[in-house]
Amino acid sequence: MGFSVRYGDADKVRSAGFGRVAELPFIFDSRPGYHRVSSWYLMDRGTGDWSPTKKFESGLRPSAASIRDYADWLINFLEWAEARSVDLIKCEYNADLIEKYQAEMISGEWSRDGAPLAGATINSRVQEACYFLTWMADQKLRPEFKVPYRRNRAGSNNYKSSDVEIKQREGKVRVNKKRLRMPNDNEIAEFTLSVYEVVGEAEGLMSETILLTALRRAEISCWRTDTLPADPRDWEIVNPNAPISRQSVRVSIRYGTKGTTYGYNCGDKIGPERDVFLPLGHAYRLNHYYNNTRNKSLAKYISSADVKEQNNRIKKSVHLFINSDGERIHGKALYRAWKKGNLPYKNWSPHLGRDWWACSVLLKEMEAHKELLKLPHAIASVLLTASAMTIIQLNIMPRLGHSSPETSMIYLHWISDMMGFNIVIDYEIANQEAYEKRLAEERRRIEHTQDQ
């Protein structure tokens, strides 16, 4: 038996006076028994008392999903160290982590099925091992752990400049850049309809909502009955002067959102709040589901219990999406339902559904700039890159709930392939005046569109 990640009863831990760590995991070793050092590390990271980047000095905590990732990556390293008799106190970066641990994952010697692991997986595991050993040194549990870093320059979301310095760990495995492959509209329609038909209305609505709003699985499974007001007269339509087919309803979400954890409610993490824009027609479909299918499923769920339990079930039934038995549909159940649909291709997932939304918005917005392709290629590439990056920054990234430069570049590469222009990040080599003018025009156009 190897190492494992465990969770205690959060309510009992809180009642014992340890509320700060009630939701955090701990690690059992191969005895099995409580692994004190690694569990201590997870508590320090989870409470924000220690961070490799000093990011959480203000006491803000990483998300529950992030902590679980840290724990999973860490137990892999701990199992390897135990299997190879590597002393954590004497473990070194190059001699042990790179030349042995990393090398064995690259060759497949240290993998479940003997196949080489993906570069991203290897890098995550080695980086977490570095953090853990660095933390041990900070706690005086071992000598200093030295990790060599180099400083590179890269682009950022401040797309006018590529003069951004980033720190990268020496010895990382090279990871091929992600290239998106997106289904066409007919494939999306066929897939969505199949989820409704094969699984059910609730799962179909959840899947369609992801495609229309770019919500994460956790966010859609945490959607509450009051997220969208029950009375359409209370809806906030952001563009009431637009044709009905283009009108959108603004709602705010905070349960299950990615980022800092501000507490928990009915088992859901409370995260940073952000706005979501529902097409008006879809908002009416959600409203119909709430007043009809959901009520029938909920009535069945409540009536199957005794009086005391009925009151408890009513109190806890705060989530919009429930299955035919009246129980909440969690993210994992949604993933299984998604995979039962007629997939456009094998790896089609809810996360790629978010990418599809981003790419469809970007392609639609960029249609207005096709005339630029008639200009000399160098100038066209500069102006199209500027337009695409403006759309990504102002329209897409806020809706996705993050501002990752890497993600921006993924979408930029996709649209450049679709439209056939070269990406130009170093604007100093191009017509700066033309770029500035185009950028200002694009900002005004997007802001005007959002106001309508």
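The following exchange examines a predicted model of a single chain.

User: What is the average pLDDT of the chain, and which stretch has a pLDDT below 50?
Analyst: The model is predicted, and 87% of its residues score at least 70. The average pLDDT over the chain is 87. The pLDDT falls below 50 in a stretch that has 30 contacts in the model beyond near neighbours in sequence, namely residues 154-164.

User: How many helices and strands does the chain have, and what percentage of its residues count as buried?
Analyst: The secondary structure comes to 16 helices and eight strands. Among contacts with a separation of 6 or more, 64% join residues 24 or more positions apart. Of the 452 residues, the share that counts as buried is 45%.

User: Are the rings of Tyr70 and Trp73 stacked, edge-to-face or tilted?
Analyst: A search of the whole structure finds 17 aromatic pairs. In the pair of Tyr70 and Trp73, the ring centres are 6.4 Å apart and the planes stand at 45 degrees. Planes under 30 degrees apart would count as stacked and those over 60 as edge-to-face, so this pair is tilted.

User: Why are Tyr70 and Trp73 separated by about one helical turn, and which of the terms buried, partly exposed or exposed applies to each?
Analyst: Both residues belong to helix H3 (residues 64-83), and because they are three residues apart there, about one helical turn separates them. Tyr70 has a relative accessible area of 14%, whereas the cut-off for buried is under 20%. Trp73 has 25% relative accessibility. Tyr70 is therefore buried, and Trp73 is partly exposed.

User: Which residues form one aromatic cluster with Trp40?
Analyst: The cluster holds residues from separate parts of the numbering, including Trp40 and Phe132. Its members besides Trp40 are Tyr41, Trp50, Phe132 and Trp135.

User: Over which rings do Arg224 and Arg313 lie?
Analyst: The charged end of Arg224 is 3.7 Å from the centre of the ring beneath it, that of Tyr255. For Arg313, the distance to the ring centre is 4.2 Å. The rings are thus those of Tyr255 for Arg224 and Tyr301 for Arg313.

User: Where on H10 do its buried residues lie, and which helices do they pack against?
Analyst: Helix H10 (residues 293-303) has as its buried residues Arg294, Ser297, Leu298, Tyr301 and Ile302. They cover an arc of only 130 degrees around the axis, so they lie on the same side of H10. The face turned away from that side carries the exposed residues Lys296 and Ser303. The buried residues pack against helix H9 (280-291) and helix H11 (307-316).

User: With which side chain does the side chain of Arg328 make a polar contact?
Analyst: Arg328 is placed in the loop between H11 and helix H12 (331-340). Beyond its neighbours within four places in sequence, Arg328 contacts several residues, among them Cys222, Cys266 and Asp268. A polar atom of its side chain lies 3.4 Å from the backbone oxygen of Ser221. The side chain in polar contact, also at 3.4 Å, is that of His319.

User: Is Ala137 buried or exposed, and how many Å is its C-alpha from that of Ile89?
Analyst: Ala137 is found in helix H5 (residues 119-138), and its 13% relative accessibility means that it counts as buried. Not counting residues up to four places away in sequence, Ala137 touches Arg142, Pro143, Glu144 and Phe145. Ile89 is 48 residues away from Ala137 in sequence, and the distance from C-alpha to C-alpha is 8.8 Å.

Key
Residues numbered from 1 in each chain as written. Predicted model: local features only at pLDDT ≥ 70, side-chain atom pairs only at ≥ 80, totals over all residues. Heavy atoms only, no water. Phe/Tyr/Trp six-rings, centres within 6.5 Å; stacked < 30°, edge-to-face > 60°. Helix = DSSP H or I, 4+ residues; strand = E, 2+ residues; numbered from the N terminus. Buried < 20%, exposed > 50% of the residue type's maximum accessible area, 1.4 Å probe, protein only. Lys NZ or Arg CZ within 6 Å of the ring centre and 35° of its normal. pLDDT = per-residue confidence, 0-100. Contact = heavy atoms within 4.5 Å. Arc of directions from axis to C-beta. Polar contact = N/O pair within 3.5 Å; in protein donor to acceptor, adjacent residues only side chain to side chain.
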